[in-house]
Amino acid sequence: MGDTALHTRWGRLDASLEDLGCGRFWADVHRVAGLELACPQCRGRVFARVSSQRARHFYHQVRPETCTLANESPEHHLLKLQLANAARAAGFRSELEISSTVRNWRADVLVFDQQDRPFMALEAQLSPMTAQDASMRTERYAADGVAVCWISVQEHSWELSVPSLRVTPPQHRGQAWMVRHGLARFAWAPPHTVKTKAAWEHITCPLDDAVRWILQQRVHAHTGPSGTVLWTAPAYVQQAVERARLEADREDAARAVAAQQRQAAAAAQAAADERRRLAAEERWLGALQEGRERQAEQERLAPFFEHAGIDAALWPAFMQLVRTASREDVQCGPQDAALGNGLLLYSRASRGGAFHLAGVVCPDPAALARWPAGPPS
């Protein structure tokens, strides 16, 4: 398309002429005798006209292949003009197609602060670009102390990692360019507790408003924990920080409770292990004591085994059989000389009860002249 800087100057003149009732200025300017317009980049001759969509612009008489101004799309051209006009409406000087002194970047729209220093570039990025290129170009601007906002009309991967806005062009005359993505607020339902819902949500507003808020530093580029860059007001950032702090405190408390629960579980497990160890030790000591008692019993009954001709190794099995058959606790008493050196057996029906004489193990039944009586000795 044509000379954007010249387009802007004619745009301001056209607005004045419209106020004077000269609405056909743009339709007739190319017929003014002696007036010749030139592109500031390629110096080729350009003419003013109004497109079928009522967009006022300049066009080259012969479109050169190497002139970027001649080869940009009408949408790109109009978006740049919209950005420049929005910056001026916000009270800032803005110029189109301005390069750095070393020409390592060229801004579609470069905005100057009150000391006439460049501080913000507004890039109408409608052509393809990778996220890596977007970051690299943003860093080039930053090296010269210039912030940048990338403006697109379609969704791109790079818009998550650099300050950007996604807009929609007007569909009808008189409508505004609208921001659909990139300008966000932190919506946190009251009361502001960790239990209430909270999330970043994009807002819709006219592009002119968004540009004014950015240039007047009413909104800032904020990088969230996920790395996504959004334009938002400092108050929303503070709310997000407060929410994150509450969530972190809750996570810390949950971790502390979990640690206490783990400690309690470990203590309970240790206590259970100790109880099992003591029980095992008690069983072992009991078995050891029982073995010793059996050994002592075997030694005590050795004379009886010898007198009766009983195999001492079979005696424990015999006693177990007696206890099982009688379902009582059976113990051996002393040998009784009056009963043919027979062995007295005593039993009790329940633990803690008294033992009663239950029988005599005697190898010579004829020697039992009388039934013994009395408690076990």
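**Exercise 1. Which residue of β11 does A184 stand opposite?**

Solution. The model is predicted, so local features need pLDDT of at least 70 and side-chain atom pairs count only at pLDDT 80 or more, while totals for chains, interfaces and linings use all residues. Residues are numbered from 1 along each chain as its sequence is written, and side-chain values use heavy atoms, with hydrogens and water left out.

Step 1. Locate the strands. Strands (E, at least two residues) and helices (H or I, at least four) are DSSP runs, numbered from the N terminus. β10 spans residues 184-188 and β11 spans 198-202.

Step 2. Find the pairing. Two strands pair if DSSP finds at least two bridges between them. β10 and β11 run antiparallel and are joined by five bridges.

Step 3. Read off the partner: A184 faces H202 in β11.

Step 4. Sort the side chains of β10. A184, F186 and W188 form the covered face, and R185 and A187 the uncovered one.

Step 5. Check the loop between β10 and β11, where P191 lies. The peptide bond from P190 to P191 is cis, with omega near -5°.

**Exercise 2. State the strand order of the open seven-stranded sheet, then examine β4.**

Solution.

Step 1. The order is β4-β5-β6-β7-β8-β9-β12, and the pairing is mixed.

Step 2. β4 (93-99) and β12 (205-206) are the edge strands, each pairing on one side only.

Step 3. Six bridges link β4 to β5 (residues 106-112) in the antiparallel sense; R93 is opposite F112 of β5.

Step 4. Look for positive phi. E97, in strand β4, has a phi near 55°. R103, in the loop between β4 and β5, has a positive phi of about 60° although it is not a glycine.

Step 5. Compare with accessibility, where buried means under 20% relative accessible area, exposed over 50% and partly exposed in between (1.4 Å probe, protein chains only). E97 counts as buried because its relative accessibility is 17%. R103 is exposed, at 64%.

**Exercise 3. Is R166 buried or exposed, and which residues does R166 contact?**

Solution.

Step 1. R166 is in strand β8 (residues 164-168).

Step 2. Its relative accessibility is 18%, so R166 counts as buried.

Step 3. Contact means heavy atoms within 4.5 Å. With neighbours within four places in sequence left aside, the partners of R166 include S152, Q154, E155, E159, R180 and H181.

**Exercise 4. Describe the second largest pocket and its lining.**

Solution.

Step 1. Fix the term. On a 1 Å grid over the protein atoms alone, a pocket is an open set of points where a 1.4 Å probe fits, with protein on both sides within 12 Å along at least five of seven lines; lining residues have an atom within 4 Å of a point.

Step 2. The second largest pocket holds about 640 Å³ of space. Its lining has 18 residues, of which R294, R323, D329, V330 and Q331 are closest to the centre.

Step 3. Assign the lining to elements: α7 (234-300), α9 (315-326) and β15 (329-336) each supply at least two residues.

Step 4. Inspect α9. This helix has twelve residues and reaches 17 Å from its first C-alpha to its last, close to the 16 Å expected at 1.5 Å a residue, that span being 1.5 Å times one less than the number of residues. R327 follows α9 and has a positive phi, near 55°.

Note on methods. Grid points are joined across faces, edges and corners, and a volume is the space filled by probe spheres set on the points.
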